[in-house]
Amino acid sequence: MVNNNELFSKILSENPPQYRIGDKVNTSQGIGFINGYVFKEREKSWKYTMYPYGLRNFSIDVTTVYGKVE
């Protein structure tokens, strides 16, 4: 039986995400806040979801994150 908590802990330790929930970032979709992320096993990378600046009720998948905004 697979223990999802152990599997996710292993993924986090081997491939830590570059951005955390709540980080304000500049993306291909504009400036917003990270509100979720999922590990893409095939690409060995993280896929992020964000809500655009000023729109907390609206989430979009992010294709490219350019960096954090201070």
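A salt bridge is a side-chain nitrogen of Lys or Arg within 4 Å of a carboxyl oxygen of Asp or Glu. The exercises below use this rule and others on a predicted model.

**Exercise 1. Salt bridges**

Task: Find how many salt bridges the rule gives, and state for each which residues take part and where they lie.

Solution.

Step 1. Apply the rule to the side chains; the count comes to three salt bridges.

Step 2. Take the pair D23 and K68, whose side chains meet at 3.6 Å, N to O. This pair links distant parts of the chain: D23 sits in the loop between α1 and β1, K68 belongs to strand β5, and the two are 45 residues apart.

Step 3. Take K47 and D61, which also form a salt bridge, with 3.6 Å from N to O. Here too distant parts of the chain are linked, since K47 is in strand β3 and D61 in strand β4, 14 residues apart.

Step 4. Take K44 and E41, with an N to O distance of 2.5 Å in their salt bridge.

**Exercise 2. Buried or exposed?**

Task: Classify D23, K47, D61, K44 and E41 by relative accessible area, given that buried means under 20%, exposed over 50%, and partly exposed in between.

Solution.

Step 1. D23 has a relative accessibility of 16%, so it counts as buried.

Step 2. K47, at 34%, is therefore partly exposed. Its partner D61 has 44% and so is partly exposed.

Step 3. K44 has a relative accessible area of 48%, which makes it partly exposed. E41, with 46%, is partly exposed.

**Exercise 3. The surroundings of D23**

Task: Describe where D23 is placed and what D23 is in contact with.

Solution.

Step 1. Locate the residue: D23 is in the loop between α1 (4-14) and β1.

Step 2. List its contacts, leaving aside neighbours within four places in sequence: G32, F33, I34 and K68.

Step 3. Add the polar contact: the D23 side chain comes to 2.8 Å from the backbone nitrogen of R20.

Step 4. Recall that K68 in this list is also the salt-bridge partner of D23.

**Exercise 4. The sheet**

Task: Give the order of the five strands and say which of them stand at the edges.

Solution.

Step 1. Read the order of the open sheet: β4-β3-β2-β1-β5, with antiparallel pairing.

Step 2. Look for strands with a single partner. These are β4 and β5, at the edges, so each has one side without a neighbour in the sheet.

Step 3. Note the twist, which averages 50° from one strand to the next.

Step 4. Recall how such an arrangement is joined. Strands of a sheet pair through backbone hydrogen bonds, either parallel or antiparallel.

**Exercise 5. Strand β1 and its partners**

Task: Describe how β1 pairs with β2 and with β5, and sort the residues of β1 by face.

Solution.

Step 1. Start with β2: β1 pairs with this strand in the antiparallel sense over four bridges. Two residues make up the hairpin connection from β1 to β2. Within this pairing, T27 has G30 of β2 as its bridge partner.

Step 2. Go to β5 (residues 65-68), which is antiparallel to β1 over three bridges. In β5, G67 stands opposite N26.

Step 3. Sort β1 (residues 24-27) by face: V25 and T27 are on the covered face, K24 and N26 on the uncovered one.

**Exercise 6. The nonpolar core**

Task: State which residues form the largest nonpolar core and which strand supplies the largest share.

Solution.

Step 1. List the 11 residues: I11, Y19, V25, I34, F39, W46, Y48, M50, I60, V62 and V65.

Step 2. Assign them to strands. At least two residues come from each of β2 (30-40), β3 (45-52) and β4 (60-62). The largest share, three residues, is from β3.

Step 3. Examine one member, I34. Not counting residues up to four places away in sequence, I34 touches Y19, R20, I21, G22, D23, V25, Y48, T49 and M50.

**Exercise 7. A glycine in β2**

Task: Is G32 buried or exposed, and what does G32 touch?

Solution.

Step 1. Place the residue: G32 lies in strand β2.

Step 2. Its relative accessible area is 0%, so G32 is buried.

Step 3. Beyond four places in sequence, G32 touches D23, K24, V25, M50, Y51, P52 and Y53.

Step 4. Compare sequence and space for one contact: G32 and Y51 are 19 residues apart in sequence, and their C-alpha atoms are 5.5 Å apart.

Technical notes
Residues numbered from 1 in each chain as written. Predicted model: local features only at pLDDT ≥ 70, side-chain atom pairs only at ≥ 80, totals over all residues. Heavy atoms only, no water. Core = buried A, V, L, I, M, F, W, Y, C linked by side-chain atoms within 4.5 Å. Buried < 20%, exposed > 50% of the residue type's maximum accessible area, 1.4 Å probe, protein only. Contact = heavy atoms within 4.5 Å. Pairing = 2+ DSSP bridges. Polar contact = N/O pair within 3.5 Å; in protein donor to acceptor, adjacent residues only side chain to side chain. Axes fitted to C-alpha atoms, helices over the stretch in contact; angles between N-to-C directions.
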